[in-house]
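Here is a short report for someone meeting this structure for the first time. Please look over the sequence and the fold before reading on.

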Amino acid sequence: MPLLTKCSLKKGYPTKPQRPLRKAPGYNQLALCSSCLCGKRNLIFKTATIQLQQMTKKINAALISVFYKDGLENIVKLLAEYGVTIYSTGGTQQFIEKLGIKCVPVEDLTSYPSILGGRVKTLHPSVFGGILGKRDDQTHVEEMKQYNIPEIDLVIVDLYPFEETVQTVNSPAFQGGEEEKEKSIIEKIDIGGPSMIRGAAKNFRDVVVIAAKKDYADLENLLREQKTETTIEQRKSFAGKAFEVVAHYDVAIAKYFNLPAGQAGPSESLFFLESVTNPKAMRYGENPHQSGVFYGDLNKLFDQLNGKELSYNNLVDVDAAIQLIAEFPAPSSLEGITFAIIKHTNVCGIAQRYSVKESWDTALAGDPESAFGGVLVCNGTIDEATANAINEIFFEVLIAPAFDEDALAILKSKKNRILLQLKAQPGNKEMYKSVLNGVLIQGLDEGNYTEWKETGGRETTATEKTDLVFANLVCKHLKSNAIALVKNRQLIGKGCGQTSRIDSLRQAVEKAKHFNFDLSGAVMASDAFFPFNDCVKMGHDAGITAFIQPGGSIRDNDSIEYCKQNNLAMVITGLRHFKH
């Protein structure tokens, strides 16, 4: 359109028409324009000015019906200042009238009061005709005139707080039974709101639609700067946002019906339904040449006390760290404090001791080389002594439920060091990933073992059993094929991500020997069954005395028999922990 304006041959424009070419019906003039950047022949339409006027629209009438009224006052005052007719309903109407601004009740349009307890108030041709009527369609214009339907140029409508209501009724503070819960939720399924939003967004060539209070500021600025006039680009942009708002709302409702609260695992929905808000652009993705965005509210999980913004890779490792530490309950006199070090989502050091400092020292000793640049996580309060010890190495992130003030002062000495105070665990009930041209979805890998079946040459000792339980949890959080070697609740060797289980065991034994650990009396955990007895033999040769594995191989008996012949303990859990 700017090109047509420049080349319109109107007086005062810097065009230099060359030889006339020919006249044609509907054209004012056909000329070769020397000032146009393209230098091509341009058709000069009589209708150019009319087209421009159609692209820019003035707001003469607005329909406002919202649940959230904060931020609305300035918009209403501006609309009144510019002489815009305002239609409204219920509480929004009362809010506007309290500002001393004249407002037309929607009932005056429909000739019907709000009925059925407020379920029906805007669902009427006089409302939807004003929203959906096409101003450049003569038939629409005549029908709107025939039925006294006013044009509505601006629709400000938000939606009932469905998701908030679901959270409220499922909280411990809610007083009421299951019937009251469901009734509260169902009444927050908006019908008229989404319909008006979709109608206004569909008719974006004529109508501006605002579907969320986060867009109030943009609308206010637009009204101030453009005095109620909007461009087609602005209206289309608002329409796109409006459709996203309605889509998110519908997904939330569908998920409520298809996956009742508390139900674990994927539903049997016909569609992959997921909608997450709060987009945050990353500096880049997994690598600098990849873009990345995170959707979600991290503030619900932790407070960031120090450091730079979390990167894409930071978030992936933080997720792995939080999943791991969730396996170990709050410190107790029996289990002590757990400290772990994560590198590229794998556990490279973890230990359980009765002080935070001792737990850290022991975890670090398991693999001090891999700890460099890692993500640290603890289920106890970080004190001054531990902070001084941690401060000696370079790490990316430290996660803990609490920090002593003197510890924080030490750890904040590096401005880029990320410190996260964990407040809650993620509430996910399923996990998914993009694969090929679709999405894979599955339930969470929950639990440690489903059975404790002693199948070896003897029963496990109390110490071995404690270490086996610990080792199996650690192994669960290593990439397959995974082997974890543990002694006295300390990871002393691990192998992960190898293409054969025996290679993972070789890696684990080599790690342990590299850092001078004595494997005599250690235990071994495997994320999946032993396909042959070679792993048990190699482990036995290294000094391992007890094994834990899920079982399920057609050759389980080979490993079991070897343990029986050599007086070794073996536990079958019945629960595999593959991690790809």
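The notes below cover a sheet, two cores, a pocket and two single residues.

This is a predicted model.

**The sheet**

Five strands make up an open sheet. Their order is 6-5-4-7-8, and they pair in parallel. Strand 6 (104–105) and strand 8 (208–210) stand at the edges. Each has a single partner strand, so one side of each lacks a neighbour in the sheet. Further in, strand 4 (residues 61–65) runs parallel to strand 5 (residues 85–88), and four bridges join the two. One bridge partner can be named: Ala61 is matched with Thr85 in strand 5.

**The cores**

The largest nonpolar core holds 42 residues. Leu310, Val318, Ile350 and Ile399 have the most contacts inside it. Helix 13 (residues 312–325) gives the most to this core, with seven residues. A second, separate core has 33 residues, including Val106, Val169, Ala242 and Ile253.

What does Leu310 touch, leaving aside its neighbours within four places in sequence? Its contacts are Met282, Leu298, Phe302, Gln304, Leu315, Val318, Val397, Ile418 and Leu420.

**The second largest pocket**

This pocket encloses about 540 Å³ of space. Its lining has 27 residues. Gly118, Arg119, Lys121, Tyr160 and Asp190 lie nearest its centre. Helix 4 (90–98) and helix 10 (192–202) each supply at least two lining residues. By type, the lining splits into ten nonpolar, ten polar and seven charged residues.

**Two residues at the surface**

Is Ala409 buried or exposed? Ala409 counts as exposed, because its relative accessibility is 57% and the cut-off for exposed is over 50%. Ala409 sits in helix 16 (residues 405–411).

Gly574 is found in the segment after strand 25 (569–572). Gly574 is partly exposed, because its relative accessible area is 40%, which falls between the limits of 20% and 50%. Beyond its neighbours within four places in sequence, Gly574 is in contact with Thr450, Glu451 and Pro550.

Both residues also have a listed partner elsewhere in the sequence. The table gives the spacing of each pair.

| Pair | Separation in sequence | C-alpha to C-alpha distance |
|---|---|---|
| Ala409 and Ala387 | 22 residues | 9.0 Å |
| Gly574 and Thr450 | 124 residues | 5.8 Å |

Thr450 thus appears twice for Gly574: as a contact and as the partner at 5.8 Å.

How values were computed:
Residues are numbered from 1 along each chain as its sequence is written. This is a predicted model: local features need pLDDT of at least 70, side-chain atom pairs count only at pLDDT 80 or more; totals for chains, interfaces and linings use all residues. Side-chain values use heavy atoms; hydrogens and water are left out. On a 1 Å grid over the protein atoms alone, a cavity is a set of points where a 1.4 Å probe fits but cannot get out, and a pocket is an open set with protein on both sides within 12 Å along at least five of seven lines; lining residues have an atom within 4 Å of a point. Grid points are joined across faces, edges and corners, and a volume is the space filled by probe spheres set on the points. Ala, Val, Leu, Ile, Met, Phe, Trp, Tyr, Cys and Pro count as nonpolar, Asp, Glu, Lys and Arg as charged, and the others, Gly among them, as polar. A nonpolar core is a set of buried Ala, Val, Leu, Ile, Met, Phe, Trp, Tyr and Cys residues joined through side-chain atoms within 4.5 Å. Buried means under 20% relative accessible area, exposed over 50%, partly exposed in between (1.4 Å probe, protein chains only). Contact means heavy atoms within 4.5 Å. Two strands pair if DSSP finds at least two bridges between them.
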